[in-house]
Amino acid sequence: ADDWAGPEVAAAPDEQLGGLRARLRRGEAIRMVTLGDSISTGANASGSVAAPPMQGGYPDLVAAGLEERFEVKVAAKNLSVSGMDSAWGREQVGAVVAERPDLVLLAFGMNDASGRRTPEEFASITGEIRDRIRKELTGCSVILIGPMTANPEWSHSAPELYPAYAAALGKLAGAGTAAADVTAVWTAVAARKTYLSLTGNGLNHPNDFGHRLYADVVLAVIGVPGR
């Protein structure tokens, strides 16, 4: 019942996602590709283990949210693989481009942090992925998604790196590219709840609530009809 006092998630400016919004507002079908790690596969969402209420992971929720808000058809392809990091993602650009997407959700960071990749290298690799996609598909919009935080009691957790990665992604935003700072919102919610209220494996995967948090941030960055 408390008023939300956490980070406000604003719709990205038209410079970043104006082309995508124009297509959505015209009611055009779009193709969406997600590239990331286990979080982006939908790991530990109830649907991934065939448990009630059978909710999908955040990419499924984003696609469904766009279809409902804009009354469009979204063809979604998920190329994410568990255990992977941004360096692996760099090798998947050809597979992303082959899908001819209008929107790419690019979401690495958890495994990069566990491997102690520096924010500078993480930003460099992510920027290269984005640049290569947009060079091949000039009309494609890219949303860079900051990672959730891992359980601070986990030996592979890197609490100092998650916000640094999110800040680095924010600096990559620009023409055709927006940043969705899940990290900031996740951190604010985690300060008010137990870690197991947000995670499905106790370490580094969201539960249904956590996947909805991811989707809410991404959808807020995309915006709503008329805005």
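Me: How do you know that helix α7 and helix α8 are oblique to each other in this predicted model?

Reply: Start with the angle: α7 (residues 119–136) and α8 (residues 161–172) pack at about 40°, and their axes are 9 Å apart. Angles under 35 degrees would count as roughly parallel, and 65 to 115 as roughly perpendicular. The angle of about 40° belongs to neither group, so α7 and α8 are called oblique. Their crossing is right-handed.

Me: Which residues make the contact of α7 with α8?

Reply: From α7 come Pro119, Phe122, Ala123, Thr126, Gly127 and Arg130. They meet Leu161, Ala164, Tyr165, Ala168, Leu169 and Leu172 of α8. By class, this contact has nine nonpolar, two polar and one charged.

Me: And what makes α9 oblique to α10?

Reply: The same kind of check works here. The axes of α9 and α10 cross at roughly 135° and come within 10 Å. To be roughly antiparallel the angle would have to be over 145, and to be roughly perpendicular it would have to lie in 65 to 115. Roughly 135° fits neither, and therefore α9 is oblique to α10. The crossing of α9 and α10 is right-handed.

Me: Which residues of α9 and α10 touch, and how do they divide by class?

Reply: On the α9 side you will find Val182, Val185, Trp186 and Val189. On the α10 side are Phe209, Gly210, Leu213, Tyr214 and Val217. The classes are eight nonpolar, one polar and no charged residues.

Me: Which elements help to line the largest pocket?

Reply: Two elements give two or more residues to the lining: α9 (182–190) and α10 (208–222). α10 gives the most, with six residues. The full lining is Trp4, Pro7, Glu8, Val9, Val185, Val189, Phe209, Arg212, Leu213, Asp216, Val217 and Ala220. About 250 Å³ of space lies in this pocket. Its lining has nine nonpolar, no polar and three charged residues.

Me: Why is another space called a cavity rather than a pocket?

Reply: In a cavity a 1.4 Å probe fits but cannot get out, whereas a pocket is open, so the way out decides the name. One cavity of 30 Å³ or more is counted here. The largest cavity has a volume of about 50 Å³, which puts it over that cut-off. Its lining is made of Asp37, Ile39, Ser40, Ala107, Phe108, Gly109, Met110, Ile145, Gly146, Pro147 and Tyr214. These divide into seven nonpolar, three polar and one charged.

Me: What makes alanine 50 and the bond between proline 52 and proline 53 worth a look?

Reply: Here is some background to set them against. Most residues other than glycine have a negative phi, and most peptide bonds are trans. Alanine 50 is not a glycine, yet its phi is positive, about 55°. The peptide bond that joins proline 52 and proline 53 is cis, with omega about 5°.

Me: Where do alanine 50 and proline 53 lie?

Reply: Alanine 50 lies in the loop between α2 and α3. Proline 53 is placed in the loop between α2 (38–41) and α3 (58–70).

How values were computed
Residues are numbered from 1 along each chain as its sequence is written. This is a predicted model: local features need pLDDT of at least 70, side-chain atom pairs count only at pLDDT 80 or more; totals for chains, interfaces and linings use all residues. Side-chain values use heavy atoms; hydrogens and water are left out. On a 1 Å grid over the protein atoms alone, a cavity is a set of points where a 1.4 Å probe fits but cannot get out, and a pocket is an open set with protein on both sides within 12 Å along at least five of seven lines; lining residues have an atom within 4 Å of a point. Grid points are joined across faces, edges and corners, and a volume is the space filled by probe spheres set on the points. Ala, Val, Leu, Ile, Met, Phe, Trp, Tyr, Cys and Pro count as nonpolar, Asp, Glu, Lys and Arg as charged, and the others, Gly among them, as polar. Axes are lines fitted to C-alpha atoms, for helices over the stretch in contact, and angles run from 0 to 180 degrees between N-to-C directions. Helices (H or I, at least four residues) and strands (E, at least two) are DSSP runs, numbered from the N terminus. A crossing is left-handed if the near helix is turned anticlockwise from the far one by less than a right angle, and right-handed if clockwise. Contact means heavy atoms within 4.5 Å.
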